[in-house]
Amino acid sequence: MASPMIPPASAPDFLAKHGWGGAEIRPLAGDASFRRYFRVYKGGATAVLMDAPPEHEDIGPFLRVAGHLIDRGFAPPKPLGIDREQGLLLLEDFGDARVGPYLRDVPARETDIYDSAVSILARLSEEPAPADIPPYDDAAMAREVSLFTEWYAPALEIEADQDAYLPAWRQAWADVLRVATEAPVMVLRDFHADNLMVLPGRTDLGLLDFQDALAGHPAYDLVSLLQDARRDVPQALEEAMLERYCALARVSDPALFRAHYEVLGAQRNTKILGIFTRLWKRDGKPLYLSLQPRVWGYLERNLAHPALAPVRAWFDANVPIGRRAAAWSDYA
């Protein structure tokens with residue numbers, strides 16, 4: 001992987017082709033993928049350069065999903081320049097006010113911001129998923145929860161019962177997949193505070209990191225927002241926003257929706273535990289270990305719901321309490 005501090009050699013020519021010749025390029029951020037971001041400056045104007053090496057990343061999904069969202073009045077960054085062969089995108093600059101850091105400075109706006117985010121999801125739930133994005137189906141969900149047994153269990157020397165693992169999950173999520181198949185919506189998959197932007201002079205929130213969108217259940221993005229691995233969301237706020245979503249989206253059976261929310265929360269949080277362990281063990285990014293206890297806290301709450309009974313039984317039989325959240329104090 002290229003150094004996150006050095007822009008690609010092709011960047012100046014790319015920028016020149018799109019009216020940004022001679023622009024200054026400064027590093028902005030990287031993420032858990034191969035994508036890197038730079039801010040470019042010219043004559044008082046700024047834009048964001050995404051470098052997505054084509055051997056590792058495909059910018060096609062980003063452009064496809066962004067176009068779908070823009071056409072429906074949502075606020076992803078607008079593409080200003082595209083080079084598919086080089087894996088370069090020049091994007092509208094949303095500034096630096098990510099919701100997570102923003103709320104540390106302006107905590108009084110927490111309810112207001114989360115209400116705006118929930119409103120976005122309610123609007124998304126009214127739109128059928130585009131036909132050209134893949135389904136969030138059994139295979140995808142099974143692949144994700146398997147990250148726990150592939151990475152987390154070995155890291156903590158847990159001898160997990162592999163044969164019983166996926167059958168327990170499939171029993172829990174069968175009805176979730178029924179709804180997701182009958183009425184799929186676009187699931188952005190990483191809809192949380194660090195991928196939402198407070199935009200100057202605009203009431204809507206800016207959307208980031210949506211290129212892996214799938215067609216699935218509307219509760220998935222809601223649980224991504226309200227059980228955020230990177231920040232504590234007060235349980236009272238979570239409950240209020242769940243109720244708010246059900247009202248805005250006109251959910252006909254809130255109890256069933258809540259069961260699906262908990263199942264998808266457990267699925268997502270289990271996946272995240274596996275991903276964060278992989279980032280530590282494989283990619284040398286131990287920072288993510290400090291987030292594991294929070295994720296475990298969410299997962300324990302999910303597992304308490306009756307819809308998760310088979311999965312809870314598996315965890316009780318295979319993952320001792322001492323190998324859950326407390327275990328990470330030895331590494332973090």
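A search of the whole structure finds 14 aromatic pairs, where rings of Phe, Tyr and Trp (its six-membered ring) pair if their centres lie within 6.5 Å, with planes under 30 degrees apart counted as stacked, over 60 as edge-to-face and the rest as tilted. One of them is formed by Tyr-136 and Tyr-220, whose ring centres are 5.1 Å apart and whose planes stand at 55 degrees, so this pair is tilted. The pair connects distant parts of the chain, 84 residues apart: Tyr-136 sits in the loop between helix 4 (110–125) and helix 5, and Tyr-220 in helix 7 (residues 219–226). Helices (H or I, at least four residues) and strands (E, at least two) are DSSP runs, numbered from the N terminus. Both Tyr-136 and Tyr-220 are buried; buried means under 20% relative accessible area, exposed over 50%, and partly exposed in between (1.4 Å probe, protein chains only).

The model is predicted: local features need pLDDT of at least 70, side-chain atom pairs count only at pLDDT 80 or more, and totals for chains, interfaces and linings use all residues. Residues are numbered from 1 along each chain as its sequence is written, and side-chain values use heavy atoms, with hydrogens and water left out.

Tyr-136 also has a charged partner, as Arg-189 lies over the face of its ring at 5.0 Å from the ring centre. A charge sits over a ring if NZ of Lys or CZ of Arg is within 6 Å of the ring centre and within 35 degrees of the ring normal. Arg-26 is placed in this way over the face of Tyr-41, at 4.1 Å from the ring centre.

A further aromatic pair involves two buried residues, Tyr-245 and Phe-257. The ring centres of Tyr-245 and Phe-257 are 5.3 Å apart and the planes are at 20 degrees, so the pair is stacked. Tyr-245 belongs to helix 8 (residues 235–248) and Phe-257 to helix 9, twelve residues apart. Elsewhere, one aromatic cluster is formed by Phe-148, Tyr-152, Tyr-165, Trp-169, Trp-173, Trp-296, Trp-314 and Phe-315.

Trp-314 and Phe-315 lead to helix 11 (residues 309–318), whose buried residues are Pro-310, Val-311, Trp-314, Phe-315 and Asn-318. These residues cover an arc of only 135 degrees around the axis, which puts them on the same side of helix 11; the arc is that of the directions from the helix axis to the C-beta atoms. An α-helix has 3.6 residues a turn, so residues three or four places apart point the same way. On the other side of helix 11, Asp-316 and Ala-317 are exposed. The buried residues of helix 11 pack against helix 5, helix 6, helix 9 and helix 10 (292–303).

Helix 5 and helix 9 are also joined through charged residues. Side chains of opposite charge can pair when their charged atoms come close. The count of salt bridges comes to 27, a salt bridge being a side-chain nitrogen of Lys or Arg within 4 Å of a carboxyl oxygen of Asp or Glu. Lys-271 and Glu-144 meet in one at 3.7 Å, N to O. Lys-271 lies in helix 9 (residues 254–281) and Glu-144 in helix 5 (residues 138–155), so the pair ties together parts that are 127 residues apart in sequence. Lys-271 and Glu-144 are both buried.

Other salt bridges have accessible partners. Asp-112 and Arg-109 meet at 2.5 Å, N to O; Asp-112 is partly exposed at 37% relative accessible area, and Arg-109 is partly exposed at 27%. In helix 6 (residues 162–182), Arg-178 and Glu-182 are four residues apart, about one turn of the helix, and the closest N and O atoms of their salt bridge are 3.2 Å apart. Arg-178 is partly exposed at 34%, whereas Glu-182 is exposed at 58%. Salt bridges that share partners also join Arg-35, Glu-57 and Asp-209 into one network.

Arg-35 is among the residues in contact with Asp-51, leaving aside neighbours within four places in sequence; the others include Pro-8, Phe-34, Gln-86 and Leu-88. Contact means heavy atoms within 4.5 Å. Asp-51 lies in strand 3 (residues 45–51) and is buried, with a relative accessible area of 5%. The side chains of Asp-51 and Arg-36 are joined by a polar contact of 2.6 Å (a pair of N or O atoms within 3.5 Å; within protein, one must be able to donate a hydrogen and the other to accept it, and residues adjacent in sequence count only if both atoms are side-chain atoms).
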